[in-house]
Amino acid sequence: MFETTIAGSLPKPAWLAEPNVLWAPWRLTGAALADAQHDATLLAIKEQEDAGIDIVTDGEQSRQHFVHGFLAYVAGIDFNRRVEMGIRDNRYKAMVPTVTGEPHLTGRVHATEARLARAHTKRKLKFTLPGPMTIVDTIADEHYNDRIKLAMRFAELLNEEARGLEADGVDTIQFDEPAFNVYLDAVKEWGIAALHRAIEGLRCKTAVHICYGYGIKANLDWKKTLGAEWRQYEEIFPALAESRIDQVSLECRNAHVPIDLIGLLKGKDVLVGAIDVASDQVETPEDVAETILAAARFVPRERIFPCTNCGMAPMRRDIAMAKLSALGAGAALARTRV
Ligand SMILES: [Zn+2]
């Protein structure tokens, strides 16, 4: 009961990439970089294990960004043709590459780190991939000029990689879809259909992570516009409850999301965000246990997986590690109280 996991990413060591920034530049190149990514992956696993995390990840130590780490292996995208685009419904502007031909994979995306992680932990292993809707929201398109067609093509490519990850021994494959909290109608119209295409034929657990973003300024400013109660999940959870996705990862700690909304996810495992990644204040085990037990009023205990609100990539490493320990200890505390 209350098996713990994390949304996906952890901060990278300072010898691997510049700390505390998104899109952090690598410190090394070539074989030295590959070696450093290997070492950082092993450390990420060890630190999760020591913190009492039951379902571990590679900490996303081998990718620079959760979307572009995947796109780097996709042909049909011109990375030299970068255009400025307002993403997440114009919440922020980013220079994004352009799709200029039919996208296809140039090879396996995460085989190296998945096999490495699998060889070095006996715990359950989760791997994250960007979701189709979030990809098309982070890229310009001159080939299809049709977001749905582009999303379905990316869903096919994600499925190809997901099948590979499953064969590598990964237990859970999670698709990160922060865009699901922004384009609520599109989720119901085609977002879930694209996820279904991405999980086709998989036998492992499948998850979707839907958050309000990293703790960067653009997200914090956006959150201020959402009012006292954040009800975006209310729009999309009933559709997700009817989907074939097994697990939903969401934000609870310090979120203005009414906790009872998770009751809409009937029949799903719920990855309850009990760690705020937008604050440097480290939760106590007591805080974590409170969040878990609040969730347990609306979701059966065996379906609750204590988790972080989002990825920890841009955080200070010492703080992230303290938060991981609080997550493990808080889940242990909650187990004694039910
Ligand atoms: Zn997130």
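**Helix 1 and the parallel sheet**

In this predicted model, the buried residues of helix 1 pack against three elements: strand 1 (55-56), helix 3 (111-120) and helix 10 (317-335). The residues concerned are Ala36, Gln37, Ala40, Thr41, Ala44, Ile45, Gln48 and Ala51. Helix 1 covers residues 30-51, and its end C-alpha atoms lie 32 Å apart; this agrees with expectation, because 22 residues at 1.5 Å a residue should span 32 Å. Just after the helix, Gly52 adopts a positive phi of about 85°.

Strand 1 belongs to an open sheet of seven strands, arranged in the order 1-4-6-7-8-9-10 with parallel pairing. Strand 1 and strand 10 (304-308) form the edges, each pairing on one side only. Pairing of this kind, whether parallel or antiparallel, is made through backbone hydrogen bonds. Two bridges join strand 1 to strand 4 (residues 124-130) in the parallel sense, and Val56 has Leu125 of strand 4 as its bridge partner. Helix 5 (residues 147-167) lies across strand 4 and strand 6 (172-176), and runs at about 165° to strand 4.

Further along the sheet order, strand 6 and strand 7 (residues 205-210) are parallel and share five bridges, with Thr172 opposite Lys205 of strand 7. Together with helix 6 (residues 184-199), strand 6 and strand 7 make a right-handed β-α-β unit. Strand 7 is mostly covered, five of its six residues being buried. Strand 7 also pairs in the parallel sense with strand 8 (residues 247-251), over four bridges; here Ile210 has Leu250 of strand 8 as its bridge partner.

Notes
Residues are numbered from 1 along each chain as its sequence is written. This is a predicted model: local features need pLDDT of at least 70, side-chain atom pairs count only at pLDDT 80 or more; totals for chains, interfaces and linings use all residues. The expected span of a helix is 1.5 Å times one less than its number of residues. A residue is buried if 20 or more other C-beta atoms lie within 10 Å of its own, exposed if 12 or fewer, and partly exposed in between; C-beta atoms are placed from the backbone. Two residues are in contact if their C-beta atoms, placed from the backbone, lie within 7 Å. Two strands pair if DSSP finds at least two bridges between them. Axes are lines fitted to C-alpha atoms, for helices over the stretch in contact, and angles run from 0 to 180 degrees between N-to-C directions. A crossover is right-handed if, with the strands pointing away from the viewer, the path from the first strand over the helix to the second runs clockwise.
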